[in-house]
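Work through the exercises below with the model open in a viewer. Try each task before reading its solution.

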Amino acid sequence: MDLVVRAARAVTAAGEGPATLGVDGGRIVALEQGIVDLSADRVVELAADEVLLPGLVDTHVHVNDPGRAEWEGFETATRAAAAGGVTTIVDMPLNSLPPTVDVAALEVKRKAASGRTHVDVGFWGGAIPGNTGDLRPLYDAGVFGFKCFLLHSGVDEFPPLDAAGLEAALRELASFDALMIVHAEDSDAIDAAPDPHGEKYTDFLGSRPRGAENLAITHVIEAARRTGARAHVLHLSSSDALPLIASARRESVALSVETCPHYLSFVAEEIRDGATQFKCCPPIREAANRELLWQGLADGVIDTIVSDHSPCTPELKQFDTGDFGLAWGGISSLQLGLPAVWTQARQRGFGLADVVRWMAERPAAQVGMTRKGHLAVGYDADFSVFAPDEAFVVDVAALKHRNPVSAYDQRPLAGVVRGTWLRGSPVTGDEPRGELLTRGNC
């Protein structure tokens, strides 16, 4: 074998315990419970305070490259991913130019990423008005599914679907069993809410009410029920929607749901006026809402935790005015998802096996990746070395993504990623070795 890793603590299908892992040709070829004497060209012994985790799979990342690479790019985003124990990302179809709404645009995106990724990268396609005929060709070209918005996306080149457009797209996707992932906020409800303006976070929160999210999720559920399509609710922030989601599943609607580290970490009551680094859509809500999201994870109603890494330049955050109405909405967190979630999870009695399920196993399963998200024989040798009891304070200037903006700056977190391995080799950030993934081939 090329590599053997011995760990007093590892998270596998058997739970957390000692394990010995053997790698050959970039795949895991042996996995023994306990510390076993296997021979290889290289043997790595983890320290007593380290845990071997499968590489995380982040299915919600805005790389913005090409076209808005000053916001983020493939090299910087994937370096940040690796620094956070993430070995696979799936890139969103908007904010890049052109948006990934047809095969030609997908080829532009793949060309921009080729040879520049430090972790493996897959791509979502986009569903917008007028491109129903492009959905099957995009799927055949290897995208993992399709994203749509139910209100203005923030960029004019990626317009939203109305109710009829959503249903038409879902019927098309149902014909070849593709997944639709939905930014679920109701356009009419947002339009009727007060306009966001000024420095007060409470005013911004009032401009994106829970009701807008709840209503849109109801529309998604009913459209999925009528069409038989598979649907996924992105970045759930409203805990009010959890009973709706649970009810739909009991009635066999094919629905999955994600939330994000920022909804599980921050609370509206603690966000200072003018702190636009916390602006995201849907918004960070109140403390009681956060606890109900954690309960949704415990109950299995929420399936996955992914970053929704949506970076921008410092200027777009409007730090000079602190105006939430004008600032770009998005949290930069790709490198910090694992320690952010672990910091909160351990306080609530969850273990590392729970975190791995939410951030590696289920995201991989959601997009049909059969060689990612597990430490198991036959899987890619993607893993991270994590020190769960080591603490640090986030320094935004030391993060690997392009611009020094993050809501986590100066926040103390538990858990340090000490190393990340991709297909059996350490990711150093010097030589891009990531592969571009296609659906059905990973």
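Three exercises follow, on a sheet, a crossover and a helix. The model is predicted: local features need pLDDT of at least 70, side-chain atom pairs count only at pLDDT 80 or more, and totals for chains, interfaces and linings use all residues. Residues are numbered from 1 along each chain as its sequence is written, and side-chain values use heavy atoms, without hydrogens or water.

**Exercise 1. Work out the strand order of the open sheet of 3 strands.**

Step 1. Fix the elements. Helices (H or I, at least four residues) and strands (E, at least two) are DSSP runs, numbered from the N terminus.

Step 2. Pair the strands. Two strands pair if DSSP finds at least two bridges between them. β6 and β7 (residues 86-91) run parallel and are joined by 4 bridges. In this pair, L56 faces V86 of β7. Another 4 bridges join β7 to β8, again parallel. Here D91 stands opposite F123 in β8.

Step 3. Read off the order: β6-β7-β8, with parallel pairing. The edge strands, β6 (56-61) and β8 (120-123), each pair on one side only. From one strand to the next, the twist averages 20 degrees.

**Exercise 2. Place helix α1 (residues 74-83) against the sheet.**

Step 1. Find the contacts (heavy atoms within 4.5 Å). α1 packs on the sheet and touches β7 and β8.

Step 2. Take the angle. Axes are lines fitted to C-alpha atoms, for helices over the stretch in contact; angles run from 0 to 180 degrees between N-to-C directions. The direction of α1 makes about 140 degrees with that of β7.

Step 3. Assign the hand. With the strands pointing away from the viewer, a right-handed path from the first strand over the helix to the second runs clockwise. β6, α1 and β7 make a right-handed β-α-β unit.

**Exercise 3. Where does α12 bend, and by how much?**

Step 1. Check the span. The expected value is 1.5 Å times one less than the number of residues. α12 (residues 352-366) has 15 residues and reaches 20 Å from first C-alpha to last, close to the expected 21 Å.

Step 2. Compare axes fitted to the seven residues ending at a residue and the seven starting there. α12 bends by about 35 degrees at W358.
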